Amino acid sequence: MYNARAMETFVQGWGLTIVLCAFIMLVFLAGWWHVHRELAWVRALTDYLGEGLVSDEAEPRPPSSLEVQAIRDESHAILEAPDPAWAQKQVRSWQMRAQRLEPALAFWTDLLRQLGLLGTVLGLGLSLAYTGSDLTKLLAPLSLKVWTTVAGLAFSILLSASFSMRLTAWVDACEKNLEAWDARRLAGREAAEATGATGATGATVPA
């Protein structure tokens, strides 16, 4: 059932090259979606915390998306948490998620480059495995698989150019807003504890 001629045509023609380039494109789409989703979360968190720091309104504005709603619920749980260690752990989880964004972009861009190089190395291996005397069949796999490196480099450049500058700016802004918000939260907790302690010590017993 094995068709050697069809397989040889697939390997030495454009078939395998198209499959490899299509796989690289799917990896690019997966990386773009992942980075875009995480960047959207960082932007939502940055805007929400920034509005909370500068707003004097008693009633906060209604959330504009489900993502903002989830962030608001998490922040309310942190502010009302009776356990300071748990609240600090949740704030730290926000910080870690924001800090993972830049390594995530670096991972996807590096993966695209490596997949492109892998396609070319695969073509080189197929060329070396050929034992015939036809020079065209010897060079065909290598000449075609070079396009996988072109695809990998092109998609990695596109992914990096799409997010690199915006990502750095938003991560820095998120970290600054988060530090300021956490400092205000801790100051408010300390003031509430001090007020409670003062009220308890200053209470009088009626005669």
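The exercises below, each with a worked solution, concern a predicted model.

**Exercise 1.** Find where D182 lies, decide whether D182 is buried or exposed, and name the residues that D182 contacts.

*Solution.* Begin with the position: D182 belongs to helix α6, which covers residues 135-201. Next, take the accessibility, which is 9% for D182; because buried means under 20% relative accessible area, D182 counts as buried. Finally, when neighbours within four places in sequence are set aside, D182 is in contact with Q88 and V91.

**Exercise 2.** Identify the salt-bridge partner of D182 and describe how the two residues are placed in their helix.

*Solution.* The side chain of D182 meets that of R185 in a salt bridge, with 2.7 Å from N to O. Both residues lie in helix α6, three residues apart, which is about one turn of the helix, and both D182 and R185 are buried.

**Exercise 3.** Work out which residues are joined into one network by salt bridges that share partners.

*Solution.* Start from E38, which forms a salt bridge with R37, the closest N and O atoms being 3.5 Å apart. Then turn to R97, which also forms a salt bridge with E38, here with the closest N and O atoms 2.9 Å apart. This second pair links distant parts of the chain, since R97 is in helix α4 and E38 in helix α2, 59 residues apart. The shared partner thus joins R37, E38 and R97 into one network. As for accessibility, E38 is buried at 11%, whereas R37 is partly exposed at 34% and R97 is partly exposed at 27%.

Terms used:
Residues are numbered from 1 along each chain as its sequence is written. This is a predicted model: local features need pLDDT of at least 70, side-chain atom pairs count only at pLDDT 80 or more; totals for chains, interfaces and linings use all residues. Side-chain values use heavy atoms; hydrogens and water are left out. Helices (H or I, at least four residues) and strands (E, at least two) are DSSP runs, numbered from the N terminus. Buried means under 20% relative accessible area, exposed over 50%, partly exposed in between (1.4 Å probe, protein chains only). Contact means heavy atoms within 4.5 Å. A salt bridge is a side-chain nitrogen of Lys or Arg within 4 Å of a carboxyl oxygen of Asp or Glu.
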